[in-house]
Amino acid sequence: MYKLIIVKLIGGLGNQMFQYALGRHLAMKSNSTLKLDIHGFKNYKLRNYDLNCFNIQENIATSKDLSGVSLPSDRFICKLEKHMEMRITGIQEIQYIKERKKDFQQEILSLGDNIYLEGYWQSEKYFSDIKDVIKKEFTVKNRPDPINESFMEEISDCESVSVHIRRGDYVSNPMTNQVHGFLGLEYYQKALNLMLENIDSPHFFVFSDDPEWGERHIKTDAPITYIKHNGTKNYEDMRLMSTCKHHIIANSSFSWWGAWLSENKDKVVIAPKKWFNVDTFDTEDRYVASWVRL
């Protein structure tokens with residue numbers, strides 16, 4: 001039997017990238033095969049499995065792979081019967097590991113093989129040891145179309161600053177709004193001013209799931225371009241964002257990755273110091289040390 005690391009993927013593209021990155025790191029450490037459990041998307045209407053746009057090691061977990069997972073909800077007698085069945089059929093037992101808090105859990109990196117991971121794992125510390133591998137694998141498979149290629153050239157030729165505005169369910173969904181909440185215009189105004197103070201001749205590129213709102217409200221005397229043509233091709237927006245030299249991110253894993261993937265060694269990244277709308281989560285480990293919190 002070969003050694004397995006199975007990671008459950010759920011949420012949007014940014015969340016899936018965090019989940020993959022941890023799984024990839026643990027698989028490399030234990031010389032195991034990484035499998036991606038995407039079964040959750042069958043009944044998850046908000047998002048789709050999106051990592052197939054990248055040059056990742058894409059091995060999708062089968063029903064047989066998952067049949068060995070010992071879920072904590074299984075009753076003792078069911079676990080016993082399941083264990084006996086696995087011994088007979090030759091299915092290996094997979095230990096179930098669930099994220100227990102929102103900040104970094106150091107002990108996770110000491111886990112061995114044959115584990116199933118469920119959580120969001122939103123910290124660079126889970127994969128900083130293999131950051132070059134992650135950056136290489138999180139490159140888009142396909143060449144950009146002519147429109148995006150033109151934007152990439154423009155972004156590369158100026159002191160580009162990405163501005164990401166996450167609204168969508170942060171505004172429309174009462175439960176999501178209560179936990180995350182929209183940052184508000186004041187944050188963006190302060191961040192724009194701070195960039196203007198620290199960057200010579202910046203050119204702002206605005207990305208949003210509500211592009212009309214961004215065009216109405218994000219204003220500055222500096223050059224500004226509103227990106228609103230990619231629609232459902234969210235990976236194209238992330239590729240453009242990561243091409244930018246500097247970043248104003250939202251309380252969103254999507255723009256977190258857009259900033260993190262940027263290769264500019266002198267990049268200025270401004271992030272909201274209040275990541276959640278509630279104070280029960282510790283978000284210290286979510287930030288990269290060099291990022292400015294506003």
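**Cysteines**

I started with cysteine 158 in this predicted model. Cysteine 158 has a relative accessibility of 18%, so I put it down as buried, the limit being under 20%. I then looked for a partner and found that cysteine 158 is in no disulfide. Its nearest cysteine sulfur belongs to cysteine 244, 7.5 Å away.

I ran the check from the other end as well. For cysteine 244 the closest cysteine sulfur is that of cysteine 158, and 7.5 Å is too far for a bond, because a disulfide needs the sulfurs within 2.5 Å. Cysteine 244 is buried, at a relative accessible area of 1%. My entry for the whole structure is zero disulfides.

**Aromatic pairs**

Next I searched the whole structure for aromatic pairs and got 19. I took phenylalanine 127 with tryptophan 257 from that search: the ring centres are 5.3 Å apart and the planes make 20°, so I recorded the pair as stacked, which calls for planes under 30 degrees apart. This pair links distant parts of the chain, 130 residues apart. Phenylalanine 127 is in the loop between strand S5 (115-118) and helix H4 (131-137), while tryptophan 257 is in helix H11 (residues 253-260).

I looked up the accessibility of both partners. Phenylalanine 127 comes out at 0% relative accessibility and therefore counts as buried. Tryptophan 257 is also buried, at 0%.

Which geometry do phenylalanine 138 and tryptophan 257 form? I have this aromatic pair as edge-to-face, with 5.2 Å centre to centre and 90° between the planes. Phenylalanine 138 lies in the loop between H4 and helix H5 (146-156) and tryptophan 257 in helix H11, so this pair ties together parts that are 119 residues apart in sequence. Phenylalanine 138 and tryptophan 257 are both buried.

I followed the ring pairs outward from there. They link Phe18, Tyr20, Phe54, Phe127, Phe138, Trp256, Trp257, Trp260 and Trp291 into a cluster. Trp260, a member of that cluster, also has a charge over its ring: the charged end of lysine 135 sits there, 5.1 Å from the ring centre.

**Cavity**

I then turned to enclosed space. How many cavities of 30 Å³ or more does the count come to? I got one. The largest cavity holds about 40 Å³ of space.

I listed its lining: Val206, Phe207, Ser208, Pro211, Gly214, Glu215, Tyr226, Ile227 and Lys228. Sorted by type, the lining residues divide into five nonpolar, two polar and two charged. By element, at least two lining residues come from each of strand S7 (202-208), helix H9 (211-217) and strand S8 (224-227).

I looked further at valine 206, which is found in strand S7. Its relative accessibility is 4%, so valine 206 counts as buried. I also noted a contact across the sequence: the C-alpha atoms of valine 206 and serine 162 are separated by 6.0 Å, with their positions 44 residues apart along the chain.

**Leucine 22**

I placed leucine 22 in helix H1 (residues 13-30). Leucine 22 is buried, because its relative accessibility is 0%. From leucine 22 to glutamate 124 I have 9.1 Å in space, C-alpha to C-alpha, and 102 residues in sequence.

**Positive phi**

My last item was backbone angles. Most residues other than glycine have a negative phi. I wrote down two residues that are not glycine and have a positive phi, asparagine 31 and serine 201.

Asparagine 31 has a phi of about 55°. I found asparagine 31 in the loop between H1 and strand S2 (33-37). Is asparagine 31 buried or exposed? Its relative accessible area is 65%, so asparagine 31 goes down as exposed, the limit being over 50%.

Serine 201 has a phi of about 50°. I located serine 201 in the loop between helix H8 (185-198) and S7. At 65% relative accessibility serine 201 counts as exposed. S7 is also the strand that holds valine 206, so my notes on the loop and on the cavity lining both refer to S7.

Terms used. Residues are numbered from 1 along each chain as its sequence is written. This is a predicted model: local features need pLDDT of at least 70, side-chain atom pairs count only at pLDDT 80 or more; totals for chains, interfaces and linings use all residues. Side-chain values use heavy atoms; hydrogens and water are left out. Rings of Phe, Tyr and Trp (its six-membered ring) pair if their centres lie within 6.5 Å; planes under 30 degrees apart count as stacked, over 60 as edge-to-face and the rest as tilted. Helices (H or I, at least four residues) and strands (E, at least two) are DSSP runs, numbered from the N terminus. Buried means under 20% relative accessible area, exposed over 50%, partly exposed in between (1.4 Å probe, protein chains only). A charge sits over a ring if NZ of Lys or CZ of Arg is within 6 Å of the ring centre and within 35 degrees of the ring normal. On a 1 Å grid over the protein atoms alone, a cavity is a set of points where a 1.4 Å probe fits but cannot get out, and a pocket is an open set with protein on both sides within 12 Å along at least five of seven lines; lining residues have an atom within 4 Å of a point. Grid points are joined across faces, edges and corners, and a volume is the space filled by probe spheres set on the points. Ala, Val, Leu, Ile, Met, Phe, Trp, Tyr, Cys and Pro count as nonpolar, Asp, Glu, Lys and Arg as charged, and the others, Gly among them, as polar.
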